[in-house]
Amino acid sequence: MALFGALFLALLAGAQAELPGCKIRITSKALELVKQEGLRFLEQELETITIPDLRGREGHFYYNISEKVYEFLSMFITSGMRFLLNQQICPVLYHAGTVLLNSLLDTVPVRSAVDELVGIDYSLVKDPVASASSLDMEFRGAFFPLAEGNWSLRNRAVEPQLPEEERMVYVAFSEFFFDSAMESYFQAGALKLSLVGAKVPHDLDMLLRATYFGNIILLSPAVIDSPLKLELQVTAPPRCTIKPSGTTISVTASVTIALVPPDQPEVKLSSMTMDARLSAKMALQGKVLRTQLDLRRFRIYSNQSALESLALIPLQAPLKTMLQIGVMPMLNERTWRGVQIPLPEGIDFVREVVTNHAGFLTIGADLHFAKGLREVIEKNRPANTGDPRAPSAPPPSMAAV
C-alpha cells in the first residue's frame, strides 16, 4: 500500500509540474568562452592594483624590493609576499569575480515589458541542471497582458527538447511560447483593424459597393454615398503549429462591411468569417527573436447561408490582396521588432541555425561578446561614494592564496 501511495504522489507531482515554454542549453564551448573573457577581465583588474615598494631592515639586513622585481627567496620575503597577496590581491580577485557574476545576472531580463501592451515572463521553472558538457535551464517562457499582471495561460504544448551539443548555445521554444504571445495580444484587444473612407483601397471600395449594390440602392439618398467601413476583428486567439516542414499560424476573424454616414448610426451591409493561415519564419539576431509572417491561405464565407458564401467568391482575391498590401506589413513591422531572450547584456548570438521539430523549434548558435565585461559591469555598477573596488571580506577559502 505504501508503494502505491508513493507512486500516486509522484504522478500527482508530475501532473502539477509546470512545463517550460523555453529552454536554453549552454555547452562547454560557451563556458570556455565565458571563462576566457572572465580571465581577461581579472587581468584588467590586476593591472589597476598598485603594490608599494617593500623597504625595511631586519637586524643587519636591509632590503628594498620594487613592485616588479622580487629577487630574494628567503623565508622572510616569502612570508611577506603571502601577506601582500592576502591583503591586496586576493580580496580584489574575490570582489571582481563577485561583481562580474552579479553584474551579468542583473542584466538578464526575468519579467519585463515587450511593448505597451504585453510583457514576457522568463522565470525559471526548476533549478538549472549541470553536467560535464553543458548547463541546461528551463524558463516559463510565457507572455502576458500588462493590464492583467496575474493572468496566465495553461501550458499544454509539447515540452521542447535539446538533444544537441555541437554549438555554444541552444535555445528551444514550444508552441506554447508563441500561443501565449498571440493570446496576450488578443486579451489586450490589439488584434483588430478598422478601415474607413479613404483608408479602404479605391478598387476594393468600388468592388464592395458593386457587390452590395442591391442593399445600398434601398437606402436613403443621404446614406448611399457615405464612406465605406471595413472592419476586421480576430474572434479567437490565433494558434501556432510547429512541424518539421515549417511553422504556421491559424487565424479566424470576422469581417464587417458597413456605411458610416456623418452624424448617423452606421449601416451594416454584411458580415462574414475569414479563415487565414500564415507561415512564420523565426530568426535570432543578437539576442532578439524575430518573426517574419507571410499570408498563405485565405478564404471567406457567410455566416448566413451557403448561397451568400457563393456570392462572396468575387471578393476573395481583392480582400486577400488588401491583406497582403495593407495588413501584413503592419503585422511584420511589429513581429520583426521581436522579443529579447534571457541572455546577459553584452553577449549576442551569431551564426544561428533554426531547426523545426514536432511541436517545438530549436536555434543553435555561437556566442559573441559585443561588449567587454568591464563595460557591462561599469554600466550596471551601483552608485557608491566609496572606492568601487573596496572589497568586502572574502570567505575563509580566500584567506590565503
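What share of the contacts in the chain with a separation of 6 or more comes from residues 24 or more positions apart? In this predicted model, such pairs account for 68% of those contacts. The chain contains ten helices and 18 strands, and 40% of its 401 residues count as buried.

**Surface**
- The exposed area of the chain is about 22500 Å².
- Carbon and sulfur atoms supply 59% of that exposed area.

**Largest pocket**
- The volume of the largest pocket is about 1100 Å³.
- Its lining is made up of 40 residues, which divide into 30 nonpolar, four polar and six charged.
- Nearest the centre of the largest pocket lie Leu 191, Leu 293, Leu 331, Arg 334 and Thr 335.
- Both helices and strands take part in the lining: α4 (175-187) and α9 (313-337) each supply at least two residues, as do β10 (192-196), β11, β13 (246-259), β14 (267-285) and β15 (288-302).
- The element that gives the most to the lining is α9, with nine residues.

**Ser 226**
- Ser 226 sits in the loop that runs between α7 (221-224) and β11 (228-234); β11 is also one of the elements that supply at least two residues to the lining of the largest pocket.
- Ser 226 counts as buried because its relative accessibility is 3%, and the cut-off for buried is under 20%.
- A polar contact joins the side chain of Ser 226 to the backbone oxygen of Val 223, at 2.9 Å.
- Leaving aside residues up to four places away in sequence, Ser 226 touches Arg 209, Leu 259, Val 260, Pro 261 and Pro 262.
- One of these residues, Leu 259, falls within the range of β13 (246-259), which also supplies at least two residues to the pocket lining.

**Glu 345**
- Glu 345 is placed in the loop between β16 (339-340) and β17 (347-356).
- With a relative accessible area of 16%, Glu 345 is buried, since the value falls under the 20% cut-off.
- Glu 345 and Ala 370 are 25 residues apart along the chain, and their C-alpha atoms are separated by 8.7 Å.

**Loop residues in brief**
- Ser 226 lies in a loop between a helix and a strand, whereas Glu 345 lies in a loop between two strands.
- Ser 226 is buried at 3% relative accessibility, and Glu 345 is buried at 16%.

How values were computed: Residues numbered from 1 in each chain as written. Predicted model: local features only at pLDDT ≥ 70, side-chain atom pairs only at ≥ 80, totals over all residues. Heavy atoms only, no water. Helix = DSSP H or I, 4+ residues; strand = E, 2+ residues; numbered from the N terminus. Buried < 20%, exposed > 50% of the residue type's maximum accessible area, 1.4 Å probe, protein only. Contact = heavy atoms within 4.5 Å. Areas by Shrake-Rupley, 256 points an atom, 1.4 Å probe, with all protein chains shown as cover. Polar contact = N/O pair within 3.5 Å; in protein donor to acceptor, adjacent residues only side chain to side chain. 1 Å grid on protein atoms, 1.4 Å probe; cavity = no way out; pocket = protein on both sides within 12 Å on 5 of 7 lines; lining within 4 Å. Points joined across faces, edges and corners; volume = space filled by probe spheres on them. Nonpolar A, V, L, I, M, F, W, Y, C, P; charged D, E, K, R; others polar.
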